[in-house]
Structures are given as structure tokens and as C-alpha cells.
Amino acid sequence: MLSLFLILFSLIHDSLHAYTDPGTGSMIWQLLMAAGFGLLFYARRIIDWVKSLWSKDISIKDADNKE
Amino acid sequence: MSVIDFCSFRDPSGIVLKYNGRILRLVKIEQEQHLRKMVEIPVIHQLIKSRSIPATDILPEKEFKRLENELSSLRHVQFSDFALCLEHEAIPFPSYPYEWAPEMLHCAAEFTLDICLKILNQNLGLKDATPYNILFRGTNPVFVDFLSFETRDPTDQIWTPYAQFVRTFLLPLLVNQQNKIPLNQIFLNKADGLEPENVYQLMSGYKLIKPSVFTLVTLPTLFSRLPQSDQNESMIYQRKKAPSKEMAKFILEHILKGLQKHVRRLMPKQNKSKWTDYFRKEESYSKDEFKTKEKIVLRLLQQLKPKKLLDVGCNTGHFSILAAQNNASVVAIDSDSAVIGTLWREARKSSLDILPLVVEICRPSPSIGWDNAEYLSFIKRSKGVFDTVLMLAVIHHMSVTSRIPFEAIAKKSSELTTRHLIIEFVSPEDPMFRKIVRGRDLLYSHLTQDYFESVWTRYFNLLSREQSGAHRLIYLFEKKDEK
């Protein structure tokens, strides 16, 4: 977080532009958060999928052992 | 004579008006279907049942027609534009964020997010998220903007009112917490709260990387300074759809829960001021004197049985609590935000019917907004509401510190109450009186007991008078009939 801040700060701290809507900054931040949570959503799905494979694998092995 | 006040008219979907004490919401033709569907949704019923939103009914067509006839003289209300009228349960005393202690804004913020999360499962959202959508019934928040509920596109992953929530709830709380700026200074100047850019200028050094400041102020300010073409900017505000409903819900839930975390971090600390320990310090009363005063007030309350009471200069609300415990619905005002915050916490903890507000009686909240009529002044809202007014140990502050003449205070006290006034007279010999006079004794030496009685009896009949301290007396007055 800190490094992101420092990079952004050094890039744009002194750059002032013509009119920008004051709500724009919050909106961009929300879009970035949404993108981050979107990735988290996929990451969780992948983890759940791997877990389900793992548990399936174990239950098949258990069944084989019993036979 | 009928009395009409326009309470809300900015939303193009409808207007709210107060007509002879009734709260009516006229709904535009294009919103009719949506509204009819909305009142049938179970989560809306649950919110009404839990008193989180006011009880709401659709007026029968006959009554709607009658209303149209009665209001036909209002040239700026084109009845043919409206398809139906909702009647909402009235909230006893409307109040606005510039009259709230930070604790109340914090509670309103938590409440708004709670509602958003509750309705999210039903594919509903809020169009806007501002403290003006919340009123307080005692210490309980009520969401009053029925037209704010909208059907959500289930794949929409953006909470449109995010920036407004930050501006009107989080940043005022942040600035209050970090820079000690009172809420009335923020909201009386800027109805729409604070922009991250405004707050950025108030923060410096390490404060800019504190967790709440960094994500609510620093990053948005820096992002807003990025060079943007008009095309980029309009793209930012376009609806962003997620590939699936589940994903959109997951993202929105996380955004809302992230905001809940911010709100928790911004919980106001219990503030101290020179007035928060007033009753404990025994500066103005010995323990015995205070007990005597308490006995007198309690007896008067039990005798009068007030239904609606205004406590002016309530301090931490010792007597407001006494009134509420005796079944009065109390509005308690004081100019000090710290004492109002203390009273709010106490009243909420004990579920007492007290609405504490930061209002300085000598400089009460003005009528503001469009045409100076959007949010009515404290005095206008108080008219005809209170059957009893309590003014204990406050008139010397009004007459000496704020230099309001006795005649004006007496007239105003008679306008604030519809019936009784319990008022404590503090004579110029009283130590507190002498302290606030600061050596200008000659200016105020005429404020004697005889003069006080001669002025107040112009407006009131004197019912009783009892000694509450060495130089203090408690009077019970009944308002004279107005000629």
C-alpha cells in the first residue's frame, strides 16, 4: 500500500488539471476495489475447486482401500 | 387554515409535503408500478415492522382526488404528473445532521449500511446515501426516503452512492475525530458533506497514510488529479456489470463491509468539555441543593405529566432523563456537542425517549436549503410541539453571556410552550452569575427577581415558586391565553 502511495504521490502530486468532477477520485478507488474483490472471488472459486478435487481424490482412495 | 410545507422535492420521482400535520409523498406516473411493487416486498415490510422505515400506506383513489382538489391552488404542483400518493407515519421531531452529536451521525452511518446489506439479497439498492435520509425517533434512527429504494441490476457491481456516503458520513466523522471540527460547522456550510480534496488540505505528514485517511482521502484525491479526458470520465460513471450475479453480490458485499469497517474505526470517543462534569463538580450547587432541585423538578413533572417536553440547556440531561422516566417524549438541546453526545449514549443505552440535539437557543439552527425553506429552522419546527418547556439554570447564560434581554427570553419561552414553563431564576448574587458577568456587574444588576417576575407574568400566570439554591428559584408558569 505504502509503495503504491509513494509511486502515485511522486507521479501526480504536483500535477493540477482543469476541472475534474470531485467525486471521480472516490469512483476510481471503488472501481479498483471492485476489481480486487473480483479477483478474490475467482481465487476463492479456484481454491474451492481444488479443495473439492482433493476431497474427491481422498474419498476415492478411501473407497479403493476398503475394497 | 391548511399548512403546507415542502419537505423534499429534489428527487424527480416525487415530492414530499407536510399537509396539516400529515406526511404525504406524491409519486410520479412513471414510478407508479415500481412503487406498488416496492410496498409488497417482504424486506420492506420487515423494515416497517422493525420501525426502521416509517409505516407507509397508499392513499385510496377517493382520498387522492380529494387531495388534488384541496391542493389545486398550488401552481407549482402539477397533479396530473402524479399517479399516487403515499402517506407516511410522521416522525415526532425532524432533526438534521448539523444538529447531531458525532455519535448520532455514526449511528446513522451504521444504520444506512445495515439497510443496504439487508436489501441486497432481494436485489434492491439505495439510490442515495445521505444523512438527510435519516431522522431520529428518540435515539432510534429511521430511514425516511422511501423513493430511495430501487430495483438493482443483479450484475451491477458498483455501489453508486459510495462517494456520497463517504462525503456525507465518513469524511465529516473523520474530520470531527482528527481535527475536532464540529458537525454543525461542516453541514451548515456544505449540505453535501466534504470532498476528499477538502479533507486532504486539512491533513498533513503521517496522517495521510493512516488507514482511514489513506483510502478515504489520500488515494481518491490523488486519483482525481490524474489527467482525464472527458471520454475517460464518462466511462468511469458507466454501469459496470460483473460476469455473474454471484460475483456482483460478492463484490458489493465486500465494498459495503469495507465501509462498515471504516465506520467502526470512526466511532467517536466520549468527549469531555467544561460542561460535561457540570453536575458533578458542585460549582453551582451543593449536594443538598442539587437534591432539593431534583425533588422540586420531579414533583412538578409528576404533577404536570407532560407529553412532549423541550429541555433548553439540558447539559448531560439529568432532568431530561427524569422527564423521560416520567413518560414524557423529550427533545433536549444544548450548544455543547460533548454533553449532547454523553446524553445520547445514556438515553440509547437505557432506551429513553429523548432526542438530544446540538442547538444553541440564542443562535438556533436557521432555515436553510433552497428558498430558505428546505430544512426548517429549529424555532419553526418547535412551534406548537411542546406542552412543557424546561429552562433550568439557563436564563443567566442567555441574558448575560448572549446579552438577550429578559423581555425577549420571556416572549420566546411563551412561544416555545403550548402550556407550561418550568424555569429557574438565577439572581445576580449567585456565584455562577457573578462569574459569567466578569466584572460588568452594573450592566446586569437590574436582572432582579422582581424584574424577572414582572416580565414573565406578562406572558404567563405564576403557579408556584420554590427555592432551589441560595440564590436560585424554580418557577412554574402556565401560558396566558393569547388575545
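## Two helices across a sheet

Let's start with helix α12 of chain B, which covers residues 318–325 and lies across four strands of chain B: β10 (308–312), β11 (329–334), β12 and β13 (386–391). Against β11(B), helix α12(B) runs at about 170 degrees. Another helix of chain B, α16 (residues 406–416), lies across β10, β13, β14 (417–426), β15 and β16 of that chain. Its angle to β14(B) is about 145 degrees.

## The sheet itself

These strands come together in chain B as an open sheet of seven, with mixed pairing, and the order is β12-β11-β10-β13-β14-β16-β15. Why do β12 and β15 of chain B each have one side without a neighbour in the sheet? β12 (354–358) and β15 (460–469) stand at the edges and each has a single partner strand, so one side of each is left open in this way. On average, and ignoring direction, neighbouring strands of the sheet are turned by 15 degrees against each other.

At the β15 edge, the partner is strand β16(B), residues 472–479, and the two pair in the antiparallel sense over eight bridges. If you would like a spot to look at there, find L462(B), which stands opposite F477(B) in β16(B).

## The largest pocket

Elsewhere you can look for open space. The largest pocket holds about 1,400 Å³, and 45 residues line it. Which residues lie nearest its centre? They are C7(B), S8(B), Y96(B), Y132(B) and Y375(B).

Several elements of chain B supply at least two lining residues each: β1 (4–8), β2 (14–19), β3 (22–28) and α14 (378–382). Of the elements, β1(B) gives the most, with four residues. Sorted by class, the lining has 22 nonpolar residues, 15 charged ones and eight polar ones.

## How confident is the predictor?

Please keep in mind that this is a predicted model. For chain B, the mean pLDDT is 91, and 95% of the residues reach 70 or more. For chain A, the mean pLDDT is 70, with 52% of the residues reaching 70 or more.

Where in chain A does pLDDT stay under 50? That stretch is residues 1–20, for which the model has 27 contacts beyond four places in sequence. As for the complex, the predictor gives an ipTM of 0.72 and a pTM of 0.89.

Notes. Residues numbered from 1 in each chain as written. Chains lettered and ligands numbered in written order. Predicted model: local features only at pLDDT ≥ 70, side-chain atom pairs only at ≥ 80, totals over all residues. Heavy atoms only, no water. pLDDT = per-residue confidence, 0-100. Pairing = 2+ DSSP bridges. Axes fitted to C-alpha atoms, helices over the stretch in contact; angles between N-to-C directions. Contact = heavy atoms within 4.5 Å. 1 Å grid on protein atoms, 1.4 Å probe; cavity = no way out; pocket = protein on both sides within 12 Å on 5 of 7 lines; lining within 4 Å. Points joined across faces, edges and corners; volume = space filled by probe spheres on them. Nonpolar A, V, L, I, M, F, W, Y, C, P; charged D, E, K, R; others polar.
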